[in-house]
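Colleague: I am new to this structure and would be grateful for a close look at a single part of it. Please choose one loop, describe the chain around it, and explain how the residues of that loop are placed.

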Amino acid sequence: MKRIFNIAAVSATLLLSSCATIFTGTKQTVQINSNPPAATIEVDGVKAGVTPMAVPLKKGFTGQTISLKLDGYETKTFQPVTTFNAVSVVNLLFIPGFIVDIATGAMMKYDPTVYEFTLEQKKAN
């Protein structure tokens, strides 16, 4: 019985794992800086903190939407650029792992990992 459990555990580990997911994870930290500092950072509409800050973002084929808000300044909204994560290439030898990387978003990565923004003052009406 113990042998069957061990075989099942090893099989599940091999079938449910993938290179990019294991080695680089499904989240990545991106540094967000603003001039002036102390802008509120929102990730997909949820407050994440204040600039300057390293923000953990979920990986995927499209970047999460980030907004910078500061009283007296225009709101800056952007999506960090995602690129192919080369670690995923190893999974071409193991197709189930490739599928896991696609499903988890680990197949992609954020590049660049540092973003600098100068916020524009609101114009007087």
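Modeller: Accessible areas here come from the Shrake-Rupley method with a 1.4 Å probe. For the chain, the accessible surface comes to about 7800 Å², and 62% of that surface belongs to carbon and sulfur atoms. The model is a predicted one. It has 125 residues, of which 36% count as buried.

The chain contains 3 helices and 9 strands. Read from the N terminus, the order of elements is α-α-β-β-β-β-β-β-β-α-β-β. Among contacts with a separation of 6 or more, 62% are between residues 24 or more positions apart.

The part I have chosen is the loop between β4 (53-58) and β5 (66-69), where Gln64 is found. Lys59 is located in the loop between β4 and β5 as well.

Gln64 has a relative accessibility of 11% and therefore counts as buried, because the limit for that class is under 20%. Its side chain makes two short approaches to polar atoms. One is a polar contact with the side chain of Asp44, at 2.8 Å. In the other, a polar atom of the Gln64 side chain lies 2.7 Å from the backbone nitrogen of Lys58. Setting aside residues up to four places away in sequence, Gln64 touches Val43, Asp44, Leu57, Lys58, Phe78, Gln79, Pro80 and Tyr110.

Asp44, the side-chain partner of Gln64, belongs to the loop between β2 and β3. Its phi is near 50 degrees, a positive value in a residue other than glycine. With a relative accessible area of 45%, Asp44 is partly exposed, whereas Gln64 is buried.

Lys59 is buried too, since its relative accessible area is 9% and the class covers values under 20%. Apart from neighbours within four places in sequence, Lys59 is in contact with Thr24, Gly25, Thr26, Lys27, Gln28, Asn85, Thr104, Gly105, Ala106, Met108 and Tyr110. Tyr110 also appears among the residues that Gln64 touches.

The loop can be related to the nonpolar core through two of the residues that Gln64 touches, Leu57 and Phe78. In soluble globular proteins, nonpolar side chains tend to be buried together. The largest nonpolar core of this chain has 16 residues, and those touching the most other members are Ile32, Ile41, Leu57, Ile66, Leu68 and Phe78. At least two residues of this core come from each of β1 (27-35), β2 (40-43), β4, β5 and β9 (114-118). Both strands that border the chosen loop, β4 and β5, are therefore included in that list.

Leu68 illustrates the surroundings of one core member. Not counting residues up to four places away in sequence, its contacts include Ile32, Ile41, Phe78 and Phe117; Thr51 is also among them.

Thr51 is joined to Pro52 by a cis peptide bond, with omega about -5 degrees. Pro52 lies in the loop between β3 (46-50) and β4. Another cis peptide bond runs from Asn35 to Pro36, with omega near 0 degrees, and Pro36 is in the loop between β1 and β2. Ala38 is found in the loop between β1 and β2; although not a glycine, Ala38 has a positive phi of about 75 degrees. Its relative accessible area of 43% makes Ala38 partly exposed.

Technical notes: Residues numbered from 1 in each chain as written. Predicted model: local features only at pLDDT ≥ 70, side-chain atom pairs only at ≥ 80, totals over all residues. Heavy atoms only, no water. Helix = DSSP H or I, 4+ residues; strand = E, 2+ residues; numbered from the N terminus. Buried < 20%, exposed > 50% of the residue type's maximum accessible area, 1.4 Å probe, protein only. Polar contact = N/O pair within 3.5 Å; in protein donor to acceptor, adjacent residues only side chain to side chain. Contact = heavy atoms within 4.5 Å. Core = buried A, V, L, I, M, F, W, Y, C linked by side-chain atoms within 4.5 Å.
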